[in-house]
Each structure stands twice: as structure tokens, then as C-alpha cells.
Amino acid sequence: MTRSLTSFLILGALVGCSDYDLGAEDAMLESGGQEFDADIDLRIDVYPPGVLGDGSSLDLLGQSFRGVGASTNWDVSLPLQDAVLINGELSGFIVNEHTAVGVPGHVERVEGVFEAVVPDTIMARSVATDVDGEFRLDVVPSDLYTLAWVPDAEYGLPFLVTTAEQLLEDTDLSVELDEGLPLYGNVTYSDEGLPAPFGTVVQAVDVASGIGGPVAEIDASGAYMIRLYPGSYELKVWHPDNLFFPTQALSVSVGEADGTRQDVHYATLNTPIIVSEVRDDDGAPRPSVSIRLRSTEIADTPDASLVVETETGPNGLFAARLVPGTYDIELIPSYEAVVGPTVIRDVVIDGDADLGVLTVPSRPVVQGTVIGPSGSPIGDTLVRAEENSLYGFVYETTTNEDGLFVLPVADVDMTWTFEPPADAELATTFVDAGPSDVLVDGRVEIAHGERITGTVTWRGEPVPYAVVDVRDAEDRLFATASSDADGVFEVRVDVTGGR
């Protein structure tokens with residue numbers, strides 16, 4: 001029977017909420033007397049300066065504040081908090097399969113990593129233990145931490161994740177991991193059930209937090225065994241040194257006292273060769289084009305995926321090895337090239353093949369005018385277009401005095417950002433669209449937006465020159481500002497979220 005987790009998790013120094021001054025999570029809610037509009041949930045990230053105006057050191061961590069909305073009257077107070085010290089030691093019950101005594105193992109200090117993360121904020125910290133299993137870490141006080149203790153793989157121990165934890169003052173977070181429950185099986189391929197190549201690894205990822213446990217290698221027979229606490233996991237299988245080895249990701253639930261078996265099988269690991277050449281619209285070979293082959297289906301292996309990358313040579317030719325399946329082929333010229341990316345979809349690979357000539361098109365050019373709510377052109381507006389796929393290239397330009405911009409981009413869906421100059425008193429506006437849909441009648445209208453003002457303080461005193469980012473629930477950057485000598489900042493945001 002697995003030992004109780006709570007008997008090992010020492011949280012003795014934690015305190016109740018009644019002793020906790022408003023901090024980075026909920027200070028926003030205090031400045032307004034009502035609950036903020038659920039449709040408006042902005043987050044402000046504050047990056048304190050390293051020194052104050054008088055030259056004294058300011059040793060503070062970046063902090064996030066939530067709940068900016070209409071109920072705050074768009075005027076907020078951002079009191080920065082001093083870090084608290086988290087320390088502890090990591091130990092575990094090491095199972096000894098060869099002992100003849102009643103308790104098959106012993107407790108010892110182990111090496112690993114401790115993580116402390118407040119989800120959806122910039123407050124994420126981690127530290128490796130020393131050789132004695134001890135760790136020390138400064139964190140911003142909060143009662144919403146996800147904590148993880150991840151031992152090194154050599155010990156064969158489970159990793160532990162807890163959520164909604166209060167870290168409000170200096171705290172000891174020592175933990176002793178018990179033996180957990182086994183998750184085991186074989187990783188095989190082909191109709192003969194051959195063991196996967198040596199060096200194949202497995203890892204369990206906690207579904208709720210996305211935190212991964214130790215990475216363990218299979219043995220020569222293809223078998224693996226890792227230990228976990230009861231819960232829901234994603235079992236990932238891959239080969240770190242074999243670029244043509246597909247990754248598998250399988251859902252698994254661990255809870256049986258005798259452990260859980262999960263075999264992993266690949267229909268084939270054979271890798272036929274494909275060749276092709278890349279040309280532009282004029283038929284000229286295109287060298288140095290990145291080729292990314294992304295599987296949409298691996299033959300007879302439904303849980304597997306594979307991404308292989310290569311590049312065209314001086315004559316536009318490329319070759320690649322692939323496990324049989326169906327692939328999207330992404331052709332991605334360099335950022336500076338006059339030709340743009342394209343995707344060849346649903347290419348079936350079932351053996352050696354010559355795909356012939358693949359063509360990269362000329363880049364589409366978007367030309368339009370940025371205007372304000374009154375219809376007047378807005379000059380000196382930063383126009384930024386970021387690819388939502390491929391390599392995520394970002395294209396930028398600035399409007400002229402007549403609000404006109406011309407920007408060659410990629411023919412893919414993009415997130416467009418229109419950031420007006422500060423003296424225009426308008427909000428940064430977002431548009432999610434491809435090149436042919438970003439303009440309406442040849443124009444983009446910038447929103448007037450809402451004006452957010454606030455003060456950054458520490459111990460009741462203003463903090464000058466702190467960087468302030470305003471983001472929405474999708475983590476899009478709405479605005480950036482810097483607090484002035486009095487700790488005061490001002491930005492404008494488009495609360496409609498663009499289109």
C-alpha cells in the first residue's frame with residue numbers, strides 16, 4: 001500500500017489568509033468596490049528596476065496583478081511585495097528489489113528540482129537541489145502556487161505536484177517521496193514486436209499542471225517502469241538522438257495498487273527517403289529554404305507524431321527520411337527573402353518517393369491606411385504582423401505622416417498589432433486575419449480604448465522606472481509603459497480585443 005502523501009509534505013510555516021496583506025494576485029480587486037466585469041480580465045505584469053533613483057539596490061522579483069476592469073475605474077494600485085524564502089530538502093524511499101528484509105528499501109536524500117509556479121502569471125521559479133537534496137528559492141507571496149518536487153530519474157521515485165498552495169512567508173517545504181505506484185510496459189515496433197531502439201525514453205506529464213516527471217530510458221528488451229502517485233498523466237515516448245523516431249503521447253490513469261500497464265507500439269520504424277526541389281514562380285531554384293515535414297498521421301500508429309526538418313541546397317534540392325504516414329510539408333524561405341512560405345498538405349509517404357517540383361510564391365504585400373475613431377490618419381503607428389504558424393516570423397513597419405503603410409508578409413493567418421504613438425491617446429489595436437482580410441475598405445481603425453492609470457509602490461513608497469506590461473487572458477500584449485519618477489504610469493487598451 002502506498003504511504004499517505006500528506007504525512008511527508010511539511011507545510012508547517014504557512015499562515016492563513018487573514019494575516020495576508022493584498023499582494024500580486026488580488027490587489028487589483030481592492031481598488032474597486034465591486035467584482036470586475038467577467039468579460040474584462042486584464043493582467044498587469046510589473047518588472048521592477050534593479051536600483052532606485054538614489055542608487056540603492058531594489059532586489060524584487062517580477063510580479064503579476066490580475067482583475068483590471070471597469071470596476072477598478074481603470075485606476076489601480078500595484079504594491080510590490082518582498083520575496084519570501086522557500087527552503088527544504090528532498091528525500092525519498094528507495095526501493096531495493098534484492099533485500100530479504102520486511103521493508104524493501106531505505107530513505108535517503110536525493111537530487112532533483114523544485115518548482116513554484118502561479119499559473120498564468122510571470123511568477124514562475126525553479127531551482128535544482130544540491131548534492132544533499134537541499135534547495136533554497138525566493139518567490140513572490142501568493143496563495144495560488146502550483147508546487148512540484150521532481151527527483152532525478154536515477155532514483156526511480158515518483159514526482160509530486162500540488163496546487164493552490166499558500167506561500168506567504170518564509171517556509172520549509174521539505175518532502176519525503178514514497179515508492180508510489182508502478183507504471184510499466186514495453187515499447188515495441190513492427191509485426192514481430194521488436195524492442196524499440198536503445199536510448200528510447202519515457203516521461204509522465206501531470207495533466208493538470210503540464211509539469212513533467214523524470215525521464216527514464218527503456219532497457220534492452222524494450223521494457224520500462226516508472227513510479228507515480230495516483231492521478232491522470234500523459235505518457236510521452238521519444239528518442240532524443242534519433243530525429244526520425246516519432247513521438248507518442250498516450251493518456252494514462254494511475255491508481256491501481258498493483259500498478260498500471262501501458263504498452264507502446266509502433267507499426268514501423270522504417271524510414272523511406274523522399275526527394276524534391278523547390279523553385280519560385282519564375283522557375284528559379286531556391287536555396288536555403290527551410291523544409292519542415294509535420295505528420296498528420298503516422299501509418300497504423302494513431303498516437304504518434306513526427307516533425308523532421310531539413311533545408312534546400314544551392315540547387316534547390318532536398319532529401320529527408322520519414323516514417324510512412326501522411327504529412328504537411330512546410331516550405332519556409334528566410335525572413336529576408338522576396339518569396340514567402342507555403343504549405344503542401346496531406347502528402348502520403350509510403351515508400352521512397354520523388355515529389356517533383358514544389359513552388360514557393362512571392363510574398364503578398366499589404367498596403368493600407370491607419371485611422372483613428374474620427375477618421376483622421378494616424379502617423380508614426382507601429383504595424384506588427386506575427387505568423388500564427390510556421391516559424392512565427394514577425395514583420396514590422398511604421399506608418400508615414402498620412403497613416404500609410406506598406407508591408408510584405410506571409411500568406412498565412414497572422415496576429416496584427418497597430419500601436420499608435422503615445423501622444424495620439426489611442427489604444428493598441430489587434431486584428432487576427434490573413435493578409436487579404438486585415439483591411440476594411442483599405443483601412444484599419446484604431447480604437448480609442450480605455451485609459452489605465454496606476455502607481456507602482458514598494459513598502460508604501462513609489463517605485464520609478466518599473467516596466468509595466470498589460471496583457472489579456474490570451475496573453476496578448478496590450479500595452480507597455482514605464483512608471484515615472486513618482487511611480488505613476490498611464491496606458492490605453494482596447495478592451496474589445498480587436499477583431
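Which side chain meets E396 in a salt bridge? The views below answer that and a few other things, and keep in mind that the model is predicted.

**View 1. R384 and its two acidic partners.** The side chain that E396 meets is R384, with 3.4 Å from N to O. This pair links distant parts of the chain, with E396 in strand 32 (residues 394-398) and R384 in strand 31 (residues 382-387), 12 residues apart. R384 also forms a salt bridge with E386, and here the closest N and O atoms are 3.5 Å apart. Now check how open these residues are. R384 has 28% relative accessibility, so it counts as partly exposed. E386 is partly exposed too, at 30%, and E396 is partly exposed at 45%. If you're wondering what draws partners like these together, side chains of opposite charge can pair when their charged atoms come close.

**View 2. A salt bridge between D432 and R476.** Here D432 and R476 form a salt bridge, and their closest N and O atoms are 3.6 Å apart. D432 belongs to strand 35 (residues 429-433), while R476 sits in the loop between strand 39 (467-471) and strand 40 (477-482), so the pair ties together parts that are 44 residues apart in sequence. Are these two residues buried or exposed? D432 is partly exposed, with a relative accessible area of 40%, whereas R476 is buried, with a relative accessible area of 15%.

**View 3. An open sheet and a network of charges.** Four strands make up this open sheet, in the order 2-1-39-40, and the pairing is antiparallel. Strand 2 (63-68) and strand 40 are the edge strands, each pairing on one side only. On average, neighbouring strands of this sheet are turned by 20 degrees against each other, direction ignored. Look at strand 1 (residues 42-47) and strand 39: they run antiparallel and are joined by 5 bridges. To find one spot along this pairing, pick out I44, whose bridge partner in strand 39 is V470. As a reminder of what holds such an arrangement together, strands of a sheet pair through backbone hydrogen bonds, either parallel or antiparallel. There's also a network of salt bridges to trace, linking R43, D45, R471 and D475. Across the model, the count comes to 18 salt bridges.

**View 4. The two faces of strand 26.** Strand 26 (residues 317-321) has one face that is covered and one that isn't. Which residues are on the covered face? They are F318 and A320, while L317, A319 and R321 make up the uncovered face. Strand 26 pairs with strand 22 (residues 273-280) in the antiparallel sense, over 5 bridges. To get your bearings, start from V275 and go to its bridge partner in strand 26, A319.

**View 5. D206, a buried acid without a salt bridge.** You'll find D206 in strand 15 (residues 201-206). D206 is buried, yet it has no salt bridge. How far away is the nearest side chain of opposite charge? That side chain is K236, and it is 14 Å away. What D206 does have is a polar contact of 2.7 Å, joining its side chain to that of S209. Leaving aside neighbours within four places in sequence, D206 is in contact with F159, V161, I211, S232 and Y233.

Conventions
Residues are numbered from 1 along each chain as its sequence is written. This is a predicted model: local features need pLDDT of at least 70, side-chain atom pairs count only at pLDDT 80 or more; totals for chains, interfaces and linings use all residues. Side-chain values use heavy atoms; hydrogens and water are left out. Buried means under 20% relative accessible area, exposed over 50%, partly exposed in between (1.4 Å probe, protein chains only). Helices (H or I, at least four residues) and strands (E, at least two) are DSSP runs, numbered from the N terminus. Two strands pair if DSSP finds at least two bridges between them. A salt bridge is a side-chain nitrogen of Lys or Arg within 4 Å of a carboxyl oxygen of Asp or Glu. Axes are lines fitted to C-alpha atoms, for helices over the stretch in contact, and angles run from 0 to 180 degrees between N-to-C directions. Lys and Arg count as positive and Asp and Glu as negative; His and the chain ends are not counted. A polar contact is a pair of N or O atoms within 3.5 Å; within protein, one must be able to donate a hydrogen and the other to accept it, and residues adjacent in sequence count only if both atoms are side-chain atoms. Contact means heavy atoms within 4.5 Å.
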